Amino acid sequence: MDTVFHCRTGCGACCTAPSITSPIPGMPHGKPAGVPCVQLDEALRCRLFGRPERPAFCATLKPGPDMCGASRQEAMALLAALERATAP
């Protein structure tokens, strides 16, 4: 049986740790790894969530223990490791 895993409030690790190579409104060249997306609001929530201008890469990210860990710090570390492992 699958367990539903919800985004952690106040995290935003998936909008900070990975690089995004496609344009983002306000970041026409994407963003480097470790840099927060300009679309994160004060509560670390995506202003583009569910909107067509949200990058396809972002829509592919699905929260889960292997990506989010048990804390924001762990999520940042897991996503940074994934970024390094998939870098060209």
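# Chatting about Leu44, cysteines and pockets

Author: Hi! Let's begin with Leu44, which counts as partly exposed at 31% relative accessibility. Keep in mind that this is a predicted model.

Reader: Thanks! Where is Leu44 placed?

Author: Leu44 sits in the segment before H1.

Reader: And what is its phi?

Author: The phi of Leu44 is positive, about 60°, although Leu44 is not a glycine. For background, most residues other than glycine have a negative phi.

Reader: Switching to cysteines: how many disulfides does the count come to?

Author: The count comes to zero disulfides. Take Cys15: it is in no disulfide, and the nearest cysteine sulfur, that of Cys14, is 4.0 Å away. The cut-off for a disulfide is a pair of cysteine sulfur atoms within 2.5 Å.

Reader: Okay, and why is there no bond for the sulfur of Cys46?

Author: Because the closest cysteine sulfur, in Cys15, is 5.3 Å from the sulfur of Cys46, and that is too far for a bond.

Reader: Is Cys15 buried or exposed?

Author: Cys15 counts as buried, at 16% relative accessibility. Cys46 is partly exposed, with a relative accessible area of 27%.

Reader: Good to know. On to pockets, then: what volume does the largest pocket have?

Author: The volume of the largest pocket is about 580 Å³. It is lined by 31 residues, and the closest to its centre are Cys7, Cys14, Cys15, Phe49 and Arg54.

Reader: Ah, Cys15 again! Which elements give two or more residues to that lining?

Author: Three helices do so for the largest pocket: H1 (56-60), H2 (65-68) and H3 (72-86).

Reader: How do the residues of that lining divide into nonpolar, polar and charged?

Author: For the largest pocket, the lining has 23 nonpolar residues, along with four polar and four charged.

Reader: What about the second largest pocket, how much space lies in there?

Author: The second largest pocket holds about 160 Å³ of space.

Reader: Which residues line it?

Author: The lining of the second largest pocket is made of Pro18, Ser19, Phe57, Leu61, Leu79, Leu82, Glu83, Thr86, Ala87 and Pro88.

Reader: And which element gives the most to that lining?

Author: That would be H3, which gives four residues to the second largest pocket.

Reader: Last one: how does that lining divide by residue type?

Author: The second largest pocket has seven nonpolar residues in its lining, two polar and one charged.

Terms used: Residues are numbered from 1 along each chain as its sequence is written. This is a predicted model: local features need pLDDT of at least 70, side-chain atom pairs count only at pLDDT 80 or more; totals for chains, interfaces and linings use all residues. Side-chain values use heavy atoms; hydrogens and water are left out. Buried means under 20% relative accessible area, exposed over 50%, partly exposed in between (1.4 Å probe, protein chains only). On a 1 Å grid over the protein atoms alone, a cavity is a set of points where a 1.4 Å probe fits but cannot get out, and a pocket is an open set with protein on both sides within 12 Å along at least five of seven lines; lining residues have an atom within 4 Å of a point. Grid points are joined across faces, edges and corners, and a volume is the space filled by probe spheres set on the points. Ala, Val, Leu, Ile, Met, Phe, Trp, Tyr, Cys and Pro count as nonpolar, Asp, Glu, Lys and Arg as charged, and the others, Gly among them, as polar.
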